[in-house]
Amino acid sequence: MAHLHALIGYFFRVLSLTYGAAPFQQLLMQIVCGHLLGDKPFETCAADSSVQAASARWLLAMNVAEQLAALAVLTVAGTIIDLLGCRTAMILSATASLVQSIVFLLVALAPSRFPLAAVVFTNVLCGFLGTIVTFKMAASAFLTRTTHIEHRTRYFLYLDAVQAIAIVGPFLGGTVTKLFGFVVTFGVMVAISSVMMLHLIFLFPNVDVSENSPLNASLSVKSLQSAFLESIGATKASIQLVFKYRSATSLLAALTILGFLLPTAQVFFVFYPSKIWGWTSFEFGKFALFANLQKVAWLSLILPWILSFARNRGDDKLGWEIFVLRASLAFTTLGEFCYGTVSTDTAFTLCTLLASMSCFGIPTIRSLLSTLVAPSHQGRLFGGIQIFENVASLMAMIGFSYLYQLTVDTAVPQAIFLVMGTALLVAFFTVLFGVNLGGVVRMGQDSALDEGNRFTEDSPLIQ
């Protein structure tokens with residue numbers, strides 16, 4: 001049951017992030033509004049285009065600062081996970097969550113005096129320690145090492161199901177903010193991060209690397225420069241391995257496009273509805289709860305049942321996974337266009353019936369790509385492909401932020417959803433024509449033949 005600890009740890013990591021994200025964006029808009037318009041009700045602030053644009057700029061600076069630092073760390077994160085252990089990477093990421101929670105609490109205690117530039121600096125520190133992306137990389141690598149390949153997709157689905165359950169955070173955060181205010185909200189966020197840290201330190205099993213793994217072949221201590229260069233080499237090798245196969249390249253391209261989704265969800269599902277319909281973090285929380293209850297049902301009940309049904313019938317497991325991926329991208333594309341064309345908040349919420357199917361795209365892609373290398377090198381593989389996701393996320397943060405600022409006071413403030421739908425349509429056709437059963441089978445067969453020989457960087461960073 002070691003894999004259960006990875007799911008529990010990831011639950012707390014996602015809960016901490018999602019619980020405080022929407023309330024902090026609401027607080028940010030009120031702080032910016034105070035500087036621009038004076039003391040006004042939130043509804044007045046949210047409806048003002050200048051407040052929306054200025055808040056989007058501050059949030060862009062905070063997110064980009066964190067993502068640039070995280071992107072720099074990703075070149076060595078995979079090797080750190082493989083050599084120093086998944087638990088170590090998770091603890092560093094949990095530390096980032098705790099630091100960010102404390103800073104949010106300080107902002108809530110002194111909103112007019114705490115400099116927003118300090119939040120930007122804090123996000124840089126958190127990026128270097130490890131974002132939620134690093135935590136999920138470590139959790140994915142841990143699940144790969146503690147589960148059989150036949151059950152790997154199921155546990156990757158469970159990992160994303162846990163993420164969907166933990167995204168009850170926006171509803172809880174919005175409710176606490178509405179009832180008790182920002183100080184209590186971020187005080188609870190500090191408590192959540194603290195519980196996560198205690199779980200990782202005292203309860204999480206340290207079963208990361210097998211004694212027979214090539215990672216333990218040498219006990220020599222490397223210089224920092226040598227370790228860094230070899231980490232970059234391992235990341236480069238994993239990326240080159242992906243590009244060796246057409247199906248793997250197409251999967252990576254689709255995964256990169258899906259990386260655009262997170263920035264849009266974090267920002268514009270708060271900013272856009274608050275302008276058009278006057279949503280607060282409480283209304284956004286209800287929206288997120290409805291969407292993620294659907295994701296929980298898909299990831300923990302419906303999809304595992306479908307895969308088990310296919311296996312019991314003797315159908316090819318990989319063939320079903322490719323079908324599921326294509327269906328996910330098709331419905332997600334329709335969902336994004338739905339967000340961009342409806343005119344009422346009820347219809348906007350109902351669009352989640354389509355868009356929620358995005359939840360099984362990423363875990364399915366990760367499961368298919370995980371067949372490329374041996375379990376002992378999963379951290380480096382995920383680290384390599386995560387770079388593409390992070391670059392896409394960074395581009396989306398910058399591009400969509402500027403797009404929203406340009407269109408927020410026009411007739412098409414929902415343009416971001418239409419652009420996202422177009423990008424997802426490209427991802428759908430990429431998988432439809434670029435990924436096939438024979439190509440995925442070859443990926444796994446070559447991995448079995450070459451296991452243990454993919455990388456030369458097989459000695460630990462430290463003793």
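This passage walks through the overall make-up of the chain, two helix pairs and one buried serine. The model is a predicted one, and residue numbers run from 1 along the chain as its sequence is written.

Starting with the big picture, the chain is built from helices: its secondary structure comes to 20 helices and zero strands. Of the 463 residues in the chain, 58% are buried. The accessible surface adds up to about 18000 Å², and carbon and sulfur atoms account for 68% of that area. As for how the chain folds back on itself, take the contacts between residues at least 6 apart in sequence: 86% of these join residues at least 24 apart.

The first helix pair to look at is α4 and α9. Helix α4 covers residues 86-109 and helix α9 covers residues 182-202. Their axes come within 8 Å and cross at roughly 165°. An angle over 145 degrees counts as roughly antiparallel, so α4 and α9 are roughly antiparallel to each other. The crossing of α4 past α9 is left-handed. Sorted by class, the residues in this contact of α4 with α9 come out as 18 nonpolar, six polar and one charged.

Next comes the pairing of α8 with α13. Helix α8 takes in residues 169-180, while helix α13 runs over residues 281-312. The two pack at an angle of about 155°, with their axes 7 Å apart. That angle makes α8 roughly antiparallel to α13. Here, too, the handedness can be given: α8 passes α13 in a left-handed crossing. On the α8 side, the residues involved are Pro170, Phe171, Gly174, Thr175, Thr177 and Lys178. They meet Ser281, Phe282, Phe284, Gly285, Lys286, Ala288 and Leu289 of α13. By class, this contact of α8 with α13 holds six nonpolar, five polar and two charged residues.

Finally, a single residue, Ser247. This serine sits in helix α11, which spans residues 246-258. With a relative accessible area of 2%, Ser247 falls under the 20% cut-off and is therefore buried. What does Ser247 touch, leaving aside residues up to four places away in sequence? The partners are Gly434, Val435, Asn436, Gly439, Val440 and Met443.

How values were computed
This is a predicted model: local features need pLDDT of at least 70, side-chain atom pairs count only at pLDDT 80 or more; totals for chains, interfaces and linings use all residues. Side-chain values use heavy atoms; hydrogens and water are left out. Axes are lines fitted to C-alpha atoms, for helices over the stretch in contact, and angles run from 0 to 180 degrees between N-to-C directions. Helices (H or I, at least four residues) and strands (E, at least two) are DSSP runs, numbered from the N terminus. Angles under 35 degrees count as roughly parallel, over 145 as roughly antiparallel, 65 to 115 as roughly perpendicular and the rest as oblique. A crossing is left-handed if the near helix is turned anticlockwise from the far one by less than a right angle, and right-handed if clockwise. Contact means heavy atoms within 4.5 Å. Ala, Val, Leu, Ile, Met, Phe, Trp, Tyr, Cys and Pro count as nonpolar, Asp, Glu, Lys and Arg as charged, and the others, Gly among them, as polar. Buried means under 20% relative accessible area, exposed over 50%, partly exposed in between (1.4 Å probe, protein chains only). Accessible areas come from the Shrake-Rupley method with a 1.4 Å probe; for residues, only the protein chains shown count as cover.
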